[in-house]
Amino acid sequence: MRAEDIAWVLEIQSCCYDETKLESAQSFLAKLSASPTSCFVALVSDGLAGYLVAIPAEAGSPPPLNSPTYSVPPTPDALYLHDLAVHPAARGASVAVALIEAYFQALKQLKAQFACLTAVNGSTSFWERHGFRVAVPTGSAAGHMETYGEEAQYMNRQGSA
């Protein structure tokens with residue numbers, strides 16, 4: 001992902017989430033700046049088909065949704081998959097599979113102990129198929145879960161894919 005992709009990211013995001021889960025360009029840019037090697041886009045001939053944003057974090061401490069800043073913690077032990085979205089027109093074309101594979105490659109390269117995410121929009125069973133399990137956030141930022149909505153589920157798994 002590059003800064004120039006953010007307009008496409010915002011467009012895809014608006015097709016996939018209700019307004020309570022939308023993030024600003026500044027929020028995406030902060031995460032991209034914090035970890036450019038773990039933020040990805042899937043391209044098709046006429047533009048972006050999907051994106052995945054992941055950031056080094058501490059397991060059990062999900063970052064807040066739509067924060068205008070992000071700083072990598074001093075001792076990250078996880079790669080937090082902050083957002084995955086695929087444009088509705090590209091669904092069924094293995095875009096999500098390719099993005100998730102890129103995420104797990106980044107997880108290996110960073111040698112993170114844990115993979116973690118917050119499942120929204122009823123996606124828990126999707127993430128369970130990728131080895132994630134519902135967990136209780138325990139870190140200092142556990143209170144950020146409320147920014148994701150009532151139905152959100154924090155999930156994690158061991159780092160190796």
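How far is the sulfur of C39 from the closest cysteine sulfur, and in which residue does that sulfur lie? The sulfur of C39 is 14 Å from the one in C116, so the two are too far apart for a bond. The legends below refer to a predicted model.

**Figure 1. Close-up of the cysteines C39 and C116, which are not bonded to each other.** The structure as a whole holds 0 disulfides. A disulfide would need the two sulfur atoms within 2.5 Å, whereas the sulfur of C39 has its closest cysteine partner, in C116, at 14 Å. Seen from the other side of the pair, C116 is in no disulfide, and the nearest cysteine sulfur to it is that of C39. C39 is buried, with a relative accessible area of 2%. C116 likewise counts as buried, at 1% relative accessibility.

**Figure 2. Close-up of the hairpin formed by β1 and β2.** Strand β1 covers residues 39-44 and strand β2 covers residues 47-57. The two strands run antiparallel and are joined by 6 bridges. Between them lie 2 residues. V44 stands opposite G47, a residue of β2.

**Figure 3. Close-up of the largest pocket, with a volume of about 560 Å³.** The lining is made up of 28 residues. Those nearest the centre of the pocket are Y17, L84, A85, S123 and W127. Elements that give two or more residues to the lining are β3 (78-86), α3 (95-110), β4 (114-119) and α4 (124-128). The largest share comes from β3, which supplies 6 residues. Sorted by class, the lining has 18 nonpolar residues, 6 polar residues and 4 charged residues.

**Figure 4. Close-up of the salt-bridge network that links R2, E4 and D5.** Side chains of opposite charge can pair when their charged atoms come close. R2 takes part in both bridges shown here: one with E4, where the closest N and O atoms are 3.5 Å apart, and one with D5, where the closest N and O atoms are also 3.5 Å apart. R2 is exposed, with a relative accessible area of 51%. E4 is exposed as well. D5, in contrast, is buried, with a relative accessible area of 7%. The cut-off for buried is under 20% and that for exposed is over 50%, so the 51% of R2 places this residue in the exposed class.

**Figure 5. Close-up of the salt bridge between D18 and K21.** The side chains of D18 and K21 meet with an N to O distance of 3.4 Å. D18 is partly exposed, with a relative accessible area of 37%. K21 is buried, with a relative accessible area of 16%. A search of the whole structure finds 4 salt bridges, among them the one between D18 and K21.

**Figure 6. Close-up of G149, in the loop between β5 and β6.** The loop is flanked by β5 (133-134) and β6 (153-158). At 32% relative accessibility, G149 counts as partly exposed. The C-alpha atom of G149 is separated by 21 Å from that of Q26. Along the chain, G149 and Q26 are 123 residues apart.

Key. Residues numbered from 1 in each chain as written. Predicted model: local features only at pLDDT ≥ 70, side-chain atom pairs only at ≥ 80, totals over all residues. Heavy atoms only, no water. 1 Å grid on protein atoms, 1.4 Å probe; cavity = no way out; pocket = protein on both sides within 12 Å on 5 of 7 lines; lining within 4 Å. Points joined across faces, edges and corners; volume = space filled by probe spheres on them. Helix = DSSP H or I, 4+ residues; strand = E, 2+ residues; numbered from the N terminus. Nonpolar A, V, L, I, M, F, W, Y, C, P; charged D, E, K, R; others polar. Buried < 20%, exposed > 50% of the residue type's maximum accessible area, 1.4 Å probe, protein only. Pairing = 2+ DSSP bridges.
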